[in-house]
Amino acid sequence: MIARYTIEHSVEFTYSAAVHSSVMTLHLRPIQDRRQVVLDFGIDTDPPGTLFDFVGPFGNHGHFLDRPGAHERLAIRSRSTVEVGPMPSLPTRLGPGAWQKLGKSIRSPELWLMLQPSHYVGPSAVLDRFIEEHGIGPGDDPLQSAVELCARLYDIFEYTPGSTAVDSPIDRILETGRGVCQDYAHVMASILRGWGVPCRYVSGYLGPDAGLSTPGESHAWVECWYPGLGWIGLDPTNDSHGDHRHVRVAVGRDYADVPPTRGVYRGAADSTLTTTVIVTRDQEANGTT
């Protein structure tokens, strides 16, 4: 199954008084690889101006803008057309000695980095209590253990928009049991890295069924690395594998590496952010739905 999506992601910063400079980096362009093809992509801004593209340390394609003139709002609108192919079938287990094989296979700096604590992902006393309270631990197979952890977090947590902020530590969702996709992903990555499974944070979108258009927000999940399989997506918010519904935009250690927008402005003003995301799935893509 190949799914084709049109994604409109609009961000508007409104200032209480005129500011005189806005500088911002953007991670809005979807990833292009063997599974995911970007057919079209563009960004418009108001005030208009030049956009500079760059490739970051994790291979993400980002953009940079500088709007030096006085303005009371900054609007950014991206539009993408993306085709996402099917995921290959996964085994239920990796087989005997899988934990030992996994440990011996982690040789590259990229994999080693995805085992280390990062800004939002890492050990804490609250996480230790949560793990003990819910009896969470690795089984005898690293792939099966990750899939079971994905299901456990889906069952334990309640998806509650507004219960956390983008800069909330994992302790917030661990203590309240409520959070959003970003929090689910950070908790899962924290536990998996503690088990010795390389795990990275993925930002992107979750697509609807064929022919439908869904208003929503950016989405987040995790990818785990295993020898012979590579990076495997797991979505604890929906208790699912990464599949044709998951449109990947950027990968990193955690949210701090790949926020959709990050910037500063110069001026004595407060700012208000409004975000709109609309994901539309086409009826057909390459003769399939």
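Strands here are DSSP runs of E, at least two residues long, numbered from the N terminus. Keep that numbering in mind as you click through this predicted model.

**Stop 1: the second largest pocket**

Select strand 12 (230-235). With 3 residues, strand 12 gives the most to the lining of the second largest pocket. Now add strand 11 and strand 14 (246-252), which also give two or more residues to that lining.

To find the middle, show Asp33, Arg35, Met87, Trp231 and Arg248 as sticks. Of the 18 lining residues, these lie nearest the centre of the pocket. The space inside comes to about 430 Å³. Colour the lining by class: 7 residues are nonpolar, 4 are polar and 7 are charged.

**Stop 2: the largest pocket**

Keep strand 11 (219-226) on screen, since that strand also gives two or more residues to the lining of the largest pocket. Then bring in strand 1 (3-19), strand 2 (21-26), helix 6 (181-195), strand 9 (199-206), strand 15 (261-266) and strand 16 (271-281), which complete the list of such elements. Which strand gives the most to this lining? Strand 15 does, with 5 residues.

Centre the view on Val166, Gln182, Tyr255, Pro260 and Leu273. Of the 42 residues in the lining, these five lie nearest the centre of the largest pocket. About 960 Å³ of space lies here. Colour by class again: the lining has 24 nonpolar, 15 polar and 3 charged residues.

**Stop 3: a hairpin**

Select residues 51-55, strand 4, and residues 61-67, strand 5. The two strands pair in the antiparallel sense, over 5 bridges. Pick Leu51 and look across to strand 5: the bridge partner is Leu65.

Next, follow the chain through the turn. The hairpin has 5 residues between the strands. Which residue there takes a positive phi? Click Gly59: its phi is near 85°.

**Stop 4: Ser108**

Move to Ser108, in the loop between helix 1 (98-105) and helix 2 (109-113). Is Ser108 buried or exposed? The answer falls between the two. Its relative accessibility is 27%, so Ser108 counts as partly exposed, the class between under 20% and over 50%.

Finish with a distance. Select Leu39 together with Ser108 and draw a line from C-alpha to C-alpha: the two are 32 Å apart in space. Along the sequence, 69 residues separate Ser108 and Leu39.

Terms used. Residues numbered from 1 in each chain as written. Predicted model: local features only at pLDDT ≥ 70, side-chain atom pairs only at ≥ 80, totals over all residues. Heavy atoms only, no water. Helix = DSSP H or I, 4+ residues; strand = E, 2+ residues; numbered from the N terminus. Buried < 20%, exposed > 50% of the residue type's maximum accessible area, 1.4 Å probe, protein only. 1 Å grid on protein atoms, 1.4 Å probe; cavity = no way out; pocket = protein on both sides within 12 Å on 5 of 7 lines; lining within 4 Å. Points joined across faces, edges and corners; volume = space filled by probe spheres on them. Nonpolar A, V, L, I, M, F, W, Y, C, P; charged D, E, K, R; others polar. Pairing = 2+ DSSP bridges.
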